[in-house]
Amino acid sequence: VVQDNGDVLVHFGFVTKIAAKERESRAFVASVGEDGVVNAWSLKADGYFKPVLELRCEGSCHETGFSAVAISKRERLVSGGVDGCVQVWSLRTGRFVAMIARHSATVTALATDELRPRAGGTHCMLSVVVSGCTDGSLYVSDMDTLEFVRYFEGHTEEVTAICVLPRQRRVVSASFDGFATIWNIDTDDRV
């Protein structure tokens with residue numbers, strides 16, 4: 001795609017996953033392509049997208065390919081790989097921030113959000129990344145501490161989509177097994 005101002009937004013081959021996040025006056029969009037590239041753009045005030053990050057399968061970064069992408073409210077891009085890794089990148093600097101997890105299966109879906117504090121519990125927001133895999137498992141990790149929070153199993157096939165319900169502290173997942181499942185982040189239970 002070529003914008004009116006001449007900037008090129010391109011993948012060579014199919015675009016397999018996209019993510020977007022808007023916060024106040026800033027908006028970001030990211031895509032994963034079958035070409036092994038993750039592209040991220042910010043939406044400028046003039047309505048055009050400005051490239052801010054391009055990741056390729058080189059070095060230690062998902063050498064076998066990208067498979068999922070999400071954008072956090074804190075302007076971080078989260079990438080999932082065929083290698084099972086979940087990595088965090090700064091959309092402001094374009095630099096690698098941290099590896100959150102390494103799963104035994106390909107990461108096929110990602111979601112991020114800020115969870116509301118538990119009633120009667122801590123007053124801190126919890127910034128989470130939820131990753132779903134080809135083996136049907138889901139993992140919840142704390143994006144700030146990089147610690148594992150929860151593991152959900154119950155899908156019998158690949159997880160295809162995830163969303164977070166921050167006020168209810170729930171995760172909703174969809175799978176090729178034909179089920180959409182709601183999970184309670186605090187108790188490991190299906191709802």
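Two strands count as paired if DSSP finds at least two bridges between them; strands themselves are DSSP runs of E, at least two residues long, numbered from the N terminus.

## Ground rules

This is a predicted model, where local features need pLDDT of at least 70, side-chain atom pairs count only at pLDDT 80 or more, and totals for chains, interfaces and linings use all residues. Residues are numbered from 1 along each chain as its sequence is written, and side-chain values use heavy atoms, with hydrogens and water left out.

## The open sheet

Going by that pairing rule, there's an open sheet of 3 strands in the order β13-β14-β15, paired antiparallel. Its edges are β13 and β15 (180-184), each pairing on one side only.

Between β13 and β14 (residues 170-175) there are 6 bridges. In one of these strand contacts, Leu-165 has Arg-170 of β14 as its bridge partner.

## The hairpin

β11 and β12 make a hairpin with 5 residues between them, and Leu-146 in the turn has a positive phi of about 65°. The two strands run antiparallel, joined by 4 bridges, with β12 covering residues 148-152. Leu-138 sits opposite Phe-152 of β12.

## The core

The largest nonpolar core (buried Ala, Val, Leu, Ile, Met, Phe, Trp, Tyr and Cys residues joined through side-chain atoms within 4.5 Å; buried means under 20% relative accessible area with a 1.4 Å probe, protein chains only) has 15 residues. Among those with the most contacts inside it are Leu-138, Phe-152 and Val-171. β9 (107-115), β10 (126-133), β11 (138-142) and β13 (159-165) each supply at least two of its residues.

Phe-152 also has contacts (heavy atoms within 4.5 Å) with residues including Val-140, Val-171, Trp-183 and Ile-185, leaving aside residues up to four places away in sequence.

Technical notes: Buried < 20%, exposed > 50% of the residue type's maximum accessible area, 1.4 Å probe, protein only.
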